[in-house]
Amino acid sequence: MVLAFLFKNYLASSAEAKTSVNRSQQKLVPYQTLYADSVSIRIPIDGPVQDLNKIELFSEVSGLVGTQSQKFEEGASYKKGEVLLALENSEALSVYRSARSNFISLVGQVLPDLKLDYPDRYDTYYRYLQKLSAADNLPKPPTESDQKLKLFLSGRGFYSAYQSAEASRIRLDKFMLLAPFDGTVTEALVESGQLVRAGQALGEYIGEGQFEMLSSLGPDQARMVEIGDTVALESIDGRRKYQGLVYRKNEKVDPSTQGLNIYIRLNASDLNDGEYLRAELRGKAIANAMEISRKLLIDEKHLYVIEDSSLVKLEVDILQRNPEIVIIKAPKKMLQVPVKKITGAYPGMKVKLTKAPEE
């Protein structure tokens, strides 16, 4: 027992001697200097993008799908104004031509009365009749400020005949579907020769270049984002970079996610509808703050700083957290902190400073 007691005291004195030697040594520590400044909030987000110019195509009339120069199918590209789809319109065309002929005939019947009762307006309506006869379209009637003349024309059925012809023309136009903008067919549900009924879905058409990304933020983060804030976006593999802009912001919390929807607009020629992107959103700037690596935190609320060549454990007020960085309220105008965590660090540990290697 006496030997065991003596051996235990020997081990304890050896450990104390070793500890005192280790504590007296100065460890070489790369450091960085942080200054109190305005720091912009950076919020990482991700989500799919969708084409802004995406429309579902429906038929407003019934008819057989005709043949056009380019087949209506998935992947087919069109320029603005080109024919996407044309339905057989012979009956509608006949109705329009009949209504237009009746209107032209009525204008011819009204001209003699205009020459007698309103000679100053005769030439205007005569030129209008010539324009009607020369073209296949239906130009608008002359504008009248004279109430008596308007009543006279209404009594002769002038305006009702024009509206009837115009309605026939509008219905005729619905048999031909034109591309509203440059784009591509992403879904085609009908083929040539197929009977289409009014209200039937024809397919889907998307435009080129303009996209929208939807992301959900917590209420606190959303308050830091304003309309017009810029967003740095990139593809999942990081090879493609984009610049976006916050252009819409929902003020209602989604009950399912407890978040607010933020809409980011971007232009790109190498994006596809539904592609997934990640982004970094820059929000409002925080005054008198510092940005540090999250790896330097101890227990998510303390930080080692260097003062007089010794480590000091400092409690920090964290204003914003990200996966890799945190923004803290600046405790002083300037801080010296290690570049990375120090193994075996403890308060009061003596260190020897060295400049951090450049990346």
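Here is a short tour of a predicted model, stop by stop. Residues count from 1 along each chain as its sequence is written, and side-chain values use heavy atoms, with hydrogens and water left out. Local features need pLDDT of at least 70 and side-chain atom pairs count only at pLDDT 80 or more, while totals for chains, interfaces and linings use all residues.

**Stop 1: the strands**

Select residues 230-235 and 241-249. These are strand 12 and strand 13, antiparallel and joined by five bridges. Strands here are DSSP runs of E with at least two residues, helices are runs of H or I with at least four, and both are numbered from the N terminus; two strands pair if DSSP finds at least two bridges between them. Five residues sit between the strands of this hairpin, and Gly 238 there has a positive phi near 80°.

Now add residues 260-267, strand 14, which runs antiparallel to strand 13 with five bridges. Click on Gly 244 in strand 13: Val 231 stands opposite, and in strand 14 the bridge partner of Gly 244 is Leu 266.

**Stop 2: charges over rings**

Show the side chains of Arg 248 and Tyr 263: the charged end of Arg 248 sits over the ring, 3.9 Å from its centre. Do the same for Arg 265, whose charged end is over the ring of Tyr 247 at 5.3 Å from the centre. To count, NZ of Lys or CZ of Arg must be within 6 Å of the ring centre and within 35 degrees of the ring normal.

**Stop 3: the aromatic rings**

The structure holds eight aromatic pairs (rings of Phe, Tyr and Trp, the last by its six-membered ring, with centres within 6.5 Å; planes under 30 degrees apart are stacked, over 60 edge-to-face, the rest tilted). Pick Phe 103 and Tyr 128, an edge-to-face pair at 6.2 Å centre to centre and 75° between the planes. Phe 103 is in helix 2 and Tyr 128 in helix 3, 25 residues apart. Both are buried (under 20% relative accessible area with a 1.4 Å probe, protein chains only; exposed is over 50%, partly exposed in between).

Next, try Tyr 125 and Phe 158, edge-to-face at 5.9 Å and 75°. Tyr 125 lies in helix 3 and Phe 158 in helix 5, so this pair ties together parts 33 residues apart in sequence. Tyr 125 and Phe 158 are buried too. For the wider view, select Phe 103, Tyr 125, Tyr 128, Phe 158, Tyr 159 and Tyr 162, which form one aromatic cluster.
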